[in-house]
Amino acid sequence: MAAQKNSFSVALFSVLFGLIIGAVIMLIFGYNPISGYTALLGSAFGSTQDIGSVLTQMTPLILTALGFTVAQTAGFFNIGLSGQALAGWVGAVWYALSFPNMPVYLMLPSALIIGAGLGALAGAIPGWLRAQVGASEVIVTIMMNYILLFLGNNILQNTMSKGIKVSAETTKQVGANASLQMKWLTDLTQGSSISAGIFISVFMIFVVWFVMKKTTLGFEIRAVGLNSDAAKYAGMSAKRNAVIAMAISGGLAGLAGTIEGLGNYLNFFTQNGSPSIGFDGMAVALLGGGSYLGVLAAAAIFSVLKIGGLGMPMSSGVPFELVDIVTASIIFFVGASYLIKLIQKRVKAMDDKAARASQDKKAVKAAADSNKNSKGGE
């Protein structure tokens with residue numbers, strides 16, 4: 001409970017300080033911070049369409065943040081969420097366009113499974129390399145981002161059939177049988193691209209919480225993350241759980257990409273870089289502080305900043321790039337708290353080591369004195 005309160009306070013102060021830094025920068029460059037933040041909130045909540053856009057933005061962030069949280073719980077730093085999301089996006093759209101006449105009750109579940117499965121495969125590869133040969137998952141997942149980015153573009157341009165493409169740069173839109181968009185949601189939010197993906201992402205918060213907190217698999221993943229040697233001594237396979245954790249992480253990211261393809265954009269197009277939802281999801285997970293409800297709240301904050309920031313230049317003249325500064329400042333303060341905790345942990349470990357060394361020295365001295373006295377008595 002104390003740890004959760006501490007994480008909440010860190011997140012709260014990080015957001016507050018980030019907003020303060022944004023306000024200070026506005027003042028330095030001659031902008032009115034009150035006007036700027038009023039415009040931001042107005043752009044995020046000014047209409048049901050704006051709210052729908054915020055929920056659309058939240059959807060993939062929740063899933064990629066959950067993926068990062070699972071990997072982090074197992075002791076891994078999954079930088080490859082963007083590539084894993086892209087794998088799910090390409091695969092799901094390609095599959096949906098290849099079977100345009102498949103009934104919706106078969107198409108949607110199978111497309112979601114395929115997208116998540118491709119993401120899981122992309123996540124399992126660095127997990128397996130880490131488990132078998134000790135390769136750094138950070139380096140491998142960064143490399144995988146580039147591999148999957150260029151592979152996805154190549155599949156679009158050179159492998160997909162011409163019948164499912166508008167041009168070499170973009171596919172046709174998926175049919176109604178594969179779309180996650182729902183008419184009543186679209187009408188309710190005045191034509192926004194919100195989809196059933198928001199319900200899937202919120203449901204997955206509960207699923208991941210249940211798996212990680214209430215099942216043997218979740219217990220083993222947490223145990224391996226806390227102390228792999230102790231987990232191994234208890235009969236748990238650190239290697240197996242490493243691969244499983246990274247596969248779950250990648251699967252969640254792949255599901256995020258699938259929802260982007262079938263629920264938001266409804267197609268796939270040439271990517272100039274890895275999707276930002278992966279890196280933004282990492283930031284959301286850090287701000288969430290390991291709490292699954294914290295992930296939901298952090299995704300909402302980031303989405304409000306993103307969508308609200310789009311209207312700032314028109315309403316108040318404040319450039320959109322300021323939102324990126326506020327976001328970066330929030331992550332900086334979250335990161336600074338982790339750095340401080342790490343330093344404190346290292347210092348405590350050094351103090352404990354010094355204390356044990358001092359105790360050992362005293363014990364050796366006492367034993368030597370006792371031995372000397374016994375010889376003197378003889």
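This passage walks through the fold, the buried interior, the ring pairs and a pocket of a predicted model.

Starting with the overall picture, the protein is built from 15 helices and two strands. Its C-alpha trace stretches about 100 × 50 × 35 Å along the principal axes. The chain has 378 residues, and 46% of them count as buried. If we look at contacts between residues at least 6 apart in sequence, 76% turn out to join residues at least 24 apart.

Next comes the interior. The largest nonpolar core takes in 85 residues, and the ones touching the most other members are L66, V174, L262, V284, L287 and M312. Take L66 as an example: leaving out residues up to four places away in sequence, L66 touches S201, M204, I205, V208, L252, Y292 and V295. There is also a second, separate core of five residues, with A87, V140, M144 and L148 among them.

Three of those names, V140, M144 and L148, come up again in helix α6, which covers residues 137-159. Buried residues of α6 also include E137, T141, N145, L149, G152, N153, I155 and L156. The cover over the buried part of α6 comes from several places, including the helices α4, α5, α11 and α12 and the strands β1 (165-167) and β2 (170-171).

Another buried spot is L322, which sits in helix α15, residues 321-377. Its relative accessible area is 7%, and since anything under 20% counts as buried, L322 falls on the buried side. Setting aside neighbours within four places in sequence, L322 is in contact with G22, I25, M26 and M312. M312 is also one of the residues that touch the most other members of the largest core. As for F45, its C-alpha atom is separated from that of L322 by 19 Å, with the two positions 277 residues apart along the chain.

Now for the aromatic rings. A pair of rings is described by how far apart the centres are and by the angle of the planes. The structure holds ten aromatic pairs. In one of them, W89 and Y265 are stacked, with 5.3 Å from centre to centre and 15° between the planes. W89 belongs to helix α4 (residues 81-98), while Y265 is in the loop between α11 (238-264) and α12 (276-288), so this pair ties together parts that are 176 residues apart in sequence. The two partners differ in how much they are covered: W89 is buried at 3% relative accessibility, whereas Y265 is partly exposed at 37%. A second pair, Y95 and F99, has ring centres 5.4 Å apart and planes at 55°, so it counts as tilted. Here Y95 is buried, with a relative accessible area of 17%, and F99 is partly exposed at 42%. Ring pairs also build up a cluster, which links W89 and Y265 with F268 and F269.

Finally, there is the second largest pocket, which holds about 320 Å³ of space. Its lining is made of 15 residues, and V224, S228, A238, K239 and A242 lie nearest the centre. Two or more lining residues come from each of α5 (104-133), α9 (216-226), α10 (228-233) and α11. By type, the lining splits into seven nonpolar, four polar and four charged residues.

Key. Residues numbered from 1 in each chain as written. Predicted model: local features only at pLDDT ≥ 70, side-chain atom pairs only at ≥ 80, totals over all residues. Heavy atoms only, no water. Phe/Tyr/Trp six-rings, centres within 6.5 Å; stacked < 30°, edge-to-face > 60°. Helix = DSSP H or I, 4+ residues; strand = E, 2+ residues; numbered from the N terminus. Buried < 20%, exposed > 50% of the residue type's maximum accessible area, 1.4 Å probe, protein only. 1 Å grid on protein atoms, 1.4 Å probe; cavity = no way out; pocket = protein on both sides within 12 Å on 5 of 7 lines; lining within 4 Å. Points joined across faces, edges and corners; volume = space filled by probe spheres on them. Nonpolar A, V, L, I, M, F, W, Y, C, P; charged D, E, K, R; others polar. Core = buried A, V, L, I, M, F, W, Y, C linked by side-chain atoms within 4.5 Å. Contact = heavy atoms within 4.5 Å.
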